[in-house]
Amino acid sequence: MLLNTKSDMIFLSPPHLGEKEKDYIQEALDSNWIAPTGPHLDAFEKEVADYIGVDGAVALSSGTAAIHVALSLLNIEKGDKVFCSTLTFVASANPILYLGGEPVFIDSEPTSWNMSSVALAKALKEAAIKDELPKAVIVVHLYGQTAKMDEIMEICNDYEVPVIEDAAESLGSTYKGKASGSIGEYGIFSFNGNKIITSSGGGMIVSNSKEALEKARFLATQAKDPAPFYQHSKMGFNYRLSNILAAIGRAQFSLLDERVHLRRKVFTVYQKELNQINGVSFMPEYLGSRSSRWLTVLLVDEKVTGNSASEIVTYLNQQNIEARAVWKPLHLQPLFKGCSYYSHYPGKHVAEELFQSGICLPSGSSLTEIDQMFVINHLKKVLESSYDREAVI
Ligand SMILES: *Cc1c(COP(=O)(O)O)cnc(C)c1O
């Protein structure tokens, strides 16, 4: 591939292969370990657990499966309430529905864009009064930025509600020096093709409870009882990751720190080039957090820029640039019509505002300088009205 010419299509977050994938896959093939068991799988789990700083991990077929297993470990049943960040991908909440649970959505707060502890405290207080406390709270770390975990853990501990960290987008990010995914009862990761590293498809659940992880492994392999024949007393899933995919995941994982470095560099270039434009700002990185900058997200103030976020996304797509809107909040999704939702403050809907004005920009660790400058120049052009004004001042 020629690196000094522009790509036909500039993708949001394409897979970025390293050099070890082929060797690892070949090794798995040569050794006949192509089942959902084998040495790469074991090593992948250990390497991720060690890096995150937890006692163990179970590799699964997707991040969604990992959330489903985490909720199952917490015995979510029909009619149980589960609180979940509203500003996220639908996969954060779908497993609540798989188990017949009832999601309650919690708004974001402006400095992290993640779960508002104000809204969470209000929702828990009301739930306690009604004797309807949730059986779990799913906290999402959006676009590589961690939620404010101290506040969230403190409130949840007060009500003794376990926390699941959806760290699908934040592998490699830290909160006060701790890895995202290591703070709650369970952490989950995704190795889907668009994430910071990929096994082509896969996920993981991590925890400090060896007992829970053993149960996760049991549930993910059809819940087979320890008997000399096929006996089952619980409903299980077929959710294990194959050794071949773990081989790809391991090769990718060995480069995680470098990938984080590259994504942060992509962010820095966007920021340097676009920060001067009136009405433009970026997803913040608050003191104490270190974002992987999985995606660079831009906010536009339509009143100043003249163009709305969705108009800018359409314009960029026409230039063969894959830009996307920020996640549409789950409380606005037809799928979750009728579910409860708690805003940051009365009349202050942070997730809705971010959805209206946010744009996810191409942020892959393989993004070339030429491609990034192409994106930047088009952004400058589409934001030109304010750009000119800036020049005049
Ligand atoms: C990608 C993603 C998931 C799901 O991961 P899969 O591996 O695709 O199932 C869950 N939550 C969030 C926030 C995600 O971005």
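This is a walk through one helix pair, several salt bridges and two unusual backbone angles in a predicted model.

Let us begin with two helices that pack against each other, H9 (residues 256-274) and H13 (residues 369-382). Their axes lie 11 Å apart and make an angle of about 30°. Angles under 35 degrees count as roughly parallel, and H9 and H13 are therefore roughly parallel to each other. If you look at how they cross, you will find that the crossing is right-handed. Which residues make the contact between H9 and H13? From H9 come Val266, Val269, Tyr270, Glu273 and Leu274, and on the H13 side they meet Gln372, Met373, Val375, Ile376, Leu379 and Lys380. Sorted by class, this contact has eight nonpolar residues, one polar residue and two charged ones.

Charged side chains are our next stop. How many salt bridges does a search of the whole structure find? The search finds 15, and three of them make good places to pause.

Start with Glu45 and Arg217, where the closest N and O atoms are 3.2 Å apart. This salt bridge links distant parts of the chain, since Glu45 belongs to helix H2 (residues 39-52) and Arg217 to helix H7 (residues 210-220), with their positions 172 residues apart. The two partners can be told apart by their accessibility. Glu45 has a relative accessible area of 6%, so it is buried, while Arg217, at 30%, counts as partly exposed.

The salt bridge between Lys135 and Asp80 brings two loops into the picture. Its closest N and O atoms are 2.9 Å apart. Lys135 is in the loop between helix H5 (117-129) and strand S4 (136-140), and Asp80 is in the loop between helix H3 (63-73) and strand S2 (81-85); the two residues are 55 apart, and the pair links distant parts of the chain. Is Asp80 buried or exposed? Its relative accessible area is 16%, so Asp80 is buried. Lys135 has 31% relative accessibility and therefore counts as partly exposed.

Loops also host the third pair, Lys148 and Glu109, whose side chains meet in a salt bridge at 4.0 Å, N to O. You will find Lys148 in the loop between S4 and helix H6 (149-158), and Glu109 in the loop between strand S3 (102-106) and H5. These residues are 39 apart, and here again the pair links distant parts of the chain. Lys148 is buried, with a relative accessible area of 17%, and Glu109 counts as buried at 10% relative accessibility.

Returning to Glu45, we can now add another residue to its surroundings. Salt bridges that share partners join Glu45, Arg217 and Arg240 into one network.

The last stop is the backbone. Most residues other than glycine have a negative phi. Where does the backbone of this model depart from that pattern? One such place is Asp131, which is not a glycine and has a positive phi near 60°. Asp131 is found in the loop between H5 and S4, the loop that also holds Lys135. With a relative accessible area of 70%, Asp131 is exposed.

Gln222 is another residue with a positive phi, about 70°, although it is not a glycine. Its place is in the loop between H7 and helix H8 (243-253). How accessible is Gln222? Its relative accessible area is 41%, so Gln222 is partly exposed.

Note on methods:
Residues numbered from 1 in each chain as written. Predicted model: local features only at pLDDT ≥ 70, side-chain atom pairs only at ≥ 80, totals over all residues. Heavy atoms only, no water. Axes fitted to C-alpha atoms, helices over the stretch in contact; angles between N-to-C directions. Helix = DSSP H or I, 4+ residues; strand = E, 2+ residues; numbered from the N terminus. Parallel < 35°, antiparallel > 145°, perpendicular 65-115°, else oblique. Left-handed = near helix turned anticlockwise from the far one by under 90°. Contact = heavy atoms within 4.5 Å. Nonpolar A, V, L, I, M, F, W, Y, C, P; charged D, E, K, R; others polar. Buried < 20%, exposed > 50% of the residue type's maximum accessible area, 1.4 Å probe, protein only.
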